[in-house]
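Dear colleague,

Please find below the structure that I am handing over to you. My notes on what was found in it follow directly after.

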Amino acid sequence: MNRLKDHVDRLFSGYEESNQIRELKEEILSNLEAKVADLTSRGMEYHQAVSIAEEQFDHIDGLIDDNKQVYTNKVRLELLQLTLLYTLIAWILTIPLRIVGMGILLNYVLLIVAFVSGIGFLFLNMKMKRGHWNKISVWNMKSALQYNRWVWILWGLFITVVTLVTTAARFGSNIWYFRPVSITGPYQWTVLAIEYALPFISVIIPLLFSTSIKLVQKYEAGESYEGKK
């Protein structure tokens, strides 16, 4: 039965070893062996029986607790729509911030992202009208939640570093030489506030990542898809 064991090992080759995985492997191997024994008892050649058993059990994605089968294009379409919405809002918010160089650059970047996501949304929307609604992919929610946590941690570190760098650039010499901070008027206050505020626009990235996880849960294929197959 080594061929069956090799087949089971290949099915689980992309998964980290755990108690759940070990139990599933043993259960599937046992079922395959029973299938082969049943077929050979009816007179079928062993190798042919093994091939039939392997063909009937060629994927295990739906058996892993953390895996979800998801309507991929539905997730992509709504995510593109939300990307377009978020970037348009951010683009409008950054129009007054164009009084500083980085504000101009960020405003243009957001406009480009909004344009590209809008084109992507229209293209995918037309594609889905031609019958691409039911494309399925498998998401591992445990990994997705871990990535989501790291994205927020990295974003928090990014904001912390940028804020410290801005403070050092603006007030480093004042702090080092114990000189009073001098801001002479409302324009300087506005420019300073913009320099601190601009990096927070990047919150769009972790927000979209978190949103994608919610969309995966919203468009899970689940039993309704299994019933259609």
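A nonpolar patch lies on the surface of this predicted model. M102, L105, V109 and V113 form the patch, and together they have about 340 Å² of accessible area. One of these residues, V113, is in helix α5, which spans residues 101-129. The relative accessible area of V113 is 33%, so this valine counts as partly exposed.

For the wider setting, the chain contains nine helices and two strands. Their order along the sequence is α-α-α-β-α-α-β-α-α-α-α. Of the 229 residues in the chain, 32% are buried. The exposed area of the chain is about 14800 Å², and 63% of this comes from carbon and sulfur atoms. If one takes the contacts between residues at least 6 apart in sequence, 79% of them join residues at least 24 apart.

Salt bridges

Five salt bridges are present in the structure. In one of them, R3 pairs with E54, and the closest N and O atoms are 3.4 Å apart. This pair links distant parts of the chain, since R3 belongs to helix α1 and E54 to helix α3 (residues 46-56), 51 residues apart. The two partners differ in their burial class: R3 is partly exposed, at 33% relative accessible area, whereas E54 is buried, at 12%.

A further salt bridge joins K5 and D9, with 3.3 Å between the closest N and O atoms. Both residues lie in helix α1, where they are four residues apart, or about one turn of the helix. K5 is partly exposed, with a relative accessible area of 42%, and D9 is likewise partly exposed, at 28%.

D9 also meets the side chain of K25 in a salt bridge, at 3.3 Å from N to O. Because K25 lies in helix α2 (residues 19-41) and D9 in helix α1, this pair ties together parts that are 16 residues apart in sequence. K25 has a relative accessibility of 19%, and therefore counts as buried. Through shared partners, the salt bridges join K5, D9 and K25 into one network.

The surroundings of H7

Helix α1, which covers residues 2-11, also holds H7. Is H7 buried or exposed? H7 is buried, with a relative accessible area of 8%. Apart from its neighbours within four places in sequence, H7 is in contact with L32, E54, F57 and D58. E54, one of these contacts, is the residue that forms the salt bridge with R3.

Aromatic rings

Which residues do ring pairs link into a cluster? The cluster consists of W152, W155 and F200. The count of aromatic pairs comes to two. In the pair of W152 and W155, the ring centres are 5.8 Å apart and the planes stand at 85 degrees, so the arrangement is edge-to-face. W152 and W155 are three residues apart in helix α6 (residues 141-176), and therefore about one helical turn separates them. W152 is partly exposed, at 30% relative accessibility, while W155 is buried, at 18%.

W155 also pairs with F200: their ring centres lie 6.2 Å apart with the planes at 80 degrees, so this pair too is edge-to-face. W155 sits in helix α6 and F200 in the loop between α7 (186-197) and α8 (204-218), which means that the pair ties together parts 45 residues apart in sequence. F200 is partly exposed, with a relative accessibility of 41%.

Charges over rings

Two tyrosines each have a charged residue over the ring face. K74 lies over the face of Y71, at 4.4 Å from the ring centre. R98 lies over the face of Y108, and here the distance to the ring centre is 4.8 Å.

When you open the model, three places may serve as a starting point: the nonpolar patch of M102, L105, V109 and V113, the salt-bridge network of K5, D9 and K25, and the ring cluster of W152, W155 and F200.

With kind regards

Key:
Residues numbered from 1 in each chain as written. Predicted model: local features only at pLDDT ≥ 70, side-chain atom pairs only at ≥ 80, totals over all residues. Heavy atoms only, no water. Phe/Tyr/Trp six-rings, centres within 6.5 Å; stacked < 30°, edge-to-face > 60°. Buried < 20%, exposed > 50% of the residue type's maximum accessible area, 1.4 Å probe, protein only. Lys NZ or Arg CZ within 6 Å of the ring centre and 35° of its normal. Patch = residues over 30% accessible without salt bridge, like charges linked within 9 Å, V, L, I, M, F, W, Y side chains within 5 Å. Areas by Shrake-Rupley, 256 points an atom, 1.4 Å probe, with all protein chains shown as cover. Salt bridge = Lys/Arg side-chain N within 4 Å of Asp/Glu carboxyl O. Contact = heavy atoms within 4.5 Å.
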